[in-house]
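Student: Can you take me through this model, starting from the inside and working outward?
Tutor: Gladly. Here it is.

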Amino acid sequence: MKLKFNKINKNFGDFHVLKDVSFQVESGQIFGYLGRNGAGKTTSIRILMDVFRQDSGEILIDDKPFNPEDYKIGYLPEERGMYGKTKVRDQLVYFAMLRGATKQDALKSVEYWTERFEIAHYLDKKLETLSKGNQQKVQITQAFLNNPDILILDEPFSGLDPVNSQIFQDALSEYISDDRIIIFSSHQMSYVETFCDDIAIIDKGEIVLDGNLEEIKEDIGGNKKRVSSQNDNFESVLDNLGYKYSKDAKSYIIDLDNKEESNKLLKELMNQDVEIELFSAYKPTLQDIFIEKVGDAK
């Protein structure tokens, strides 16, 4: 499947929230949808789920108008919205039936996904009695109920310890298939880099960057090289050789005019008796890219 946002606009009174928002999501992979708080991510998602209607533009699936009623959609919101004083089983069955499952099918889905996320032994407990991490796993479970065609996950790792994070990662990797679309949103850029092939970054209601993440990194990295050395005089060597550079926590990032200068740089460093620990193409992290495009990643 291919889901396409095509020039979506949305206004709330005089506030233009979404401005010609366009991007596409391919099934069989996880799509990263990123932006600061208030950038327009949630509004986009609510339009996809038919909570809001766009003022103009269209959403297409396989080049046909998208009708949310024709697809099962699972949604994990950033803010918890389940019932603290209700037993876990009762509300999971309720959510599954609310999305169209029979009671029998709902019970089967609840049984499968609670086992998968290792919370089946909490089914008869009230949600408010569980730890923050287990409450989050219940939230995640409800998103997977009925095996949705489109799965939208907003900050799914919030509150999860490393063991539970790995359980979720494994389940998510298994869930990817050619006929499912997964949209993943998080401020934890390391998770987005781990899972996502394609991304879109929205800022102030506009898409400021989208495409394949690795290709974006290569394009932004340009002709830069990442070099590290234990030589105390390494910066002086670079200065004397006339190279422009910057430094991060890992190493030096050296600007080159073209790719052919790479061999020249390496030879010159070796001629200066520089002990080279790392010499590689520079690829910025997603955190670097995000900050460059929208400011602090908050």
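Student: Which residues have the most contacts inside the largest nonpolar core?
Tutor: This is a predicted model. Its largest nonpolar core has 49 residues. Those with the most contacts inside that core are Phe 117, Phe 144, Leu 153, Phe 168, Leu 172 and Phe 184.

Student: What is Phe 117 in contact with, leaving aside its neighbours within four places in sequence?
Tutor: Two of its partners, Phe 144 and Phe 168, are also on the list of residues with the most contacts in the core. The full set is Lys 137, Ile 140, Thr 141, Phe 144, Ile 167, Phe 168 and Ala 171.

Student: How many residues are in the other core, which lies apart from it?
Tutor: Look for Ile 47, Leu 48, Ile 61 and Tyr 75, which are among its members. This second core has 25 residues.

Student: Why is strand 11 described as largely enclosed by the rest of the structure?
Tutor: Take one side of the strand: Lys 225, Val 227 and Ser 229 are buried. On the other side, Arg 226 and Ser 228 are buried too. Strand 11 is largely enclosed because the buried count is 5 of the 5 residues.

Student: Which residue stands opposite Arg 226 in strand 14?
Tutor: Strand 11 has pairings with two strands to consider. With strand 13 there are 3 bridges, antiparallel, and Val 227 stands opposite Tyr 252. With strand 14 there are 5 bridges, also in the antiparallel sense. There, the residue opposite Arg 226 is Ser 280.

Student: Is Asp 273 buried or exposed?
Tutor: Asp 273 sits in the loop between helix 9 and strand 14. Its phi is positive, near 60°, though the residue is not glycine. Most residues other than glycine have a negative phi. With a relative accessible area of 64%, and exposed meaning over 50%, Asp 273 is exposed.

Student: What is the phi of Asp 50?
Tutor: Asp 50 lies in the loop between helix 1 and strand 4. At 34% relative accessibility, Asp 50 counts as partly exposed. Asp 50 is not a glycine, yet its phi is positive, at about 65°.

Student: How much accessible area do Tyr 83, Tyr 94 and Leu 98 have together?
Tutor: Tyr 83 is in the loop between strand 6 and helix 2. At 42% relative accessibility, Tyr 83 counts as partly exposed. With Tyr 94 and Leu 98, Tyr 83 forms a nonpolar patch on the surface. Together the three have about 330 Å².

Technical notes: Residues are numbered from 1 along each chain as its sequence is written. This is a predicted model: local features need pLDDT of at least 70, side-chain atom pairs count only at pLDDT 80 or more; totals for chains, interfaces and linings use all residues. Side-chain values use heavy atoms; hydrogens and water are left out. Patches are made of residues with over 30% relative accessible area and no salt bridge: like charges are joined within 9 Å, nonpolar side chains (Val, Leu, Ile, Met, Phe, Trp, Tyr) within 5 Å. Accessible areas come from the Shrake-Rupley method with a 1.4 Å probe; for residues, only the protein chains shown count as cover. A salt bridge is a side-chain nitrogen of Lys or Arg within 4 Å of a carboxyl oxygen of Asp or Glu. Helices (H or I, at least four residues) and strands (E, at least two) are DSSP runs, numbered from the N terminus. Buried means under 20% relative accessible area, exposed over 50%, partly exposed in between (1.4 Å probe, protein chains only). A nonpolar core is a set of buried Ala, Val, Leu, Ile, Met, Phe, Trp, Tyr and Cys residues joined through side-chain atoms within 4.5 Å. Contact means heavy atoms within 4.5 Å. Two strands pair if DSSP finds at least two bridges between them.
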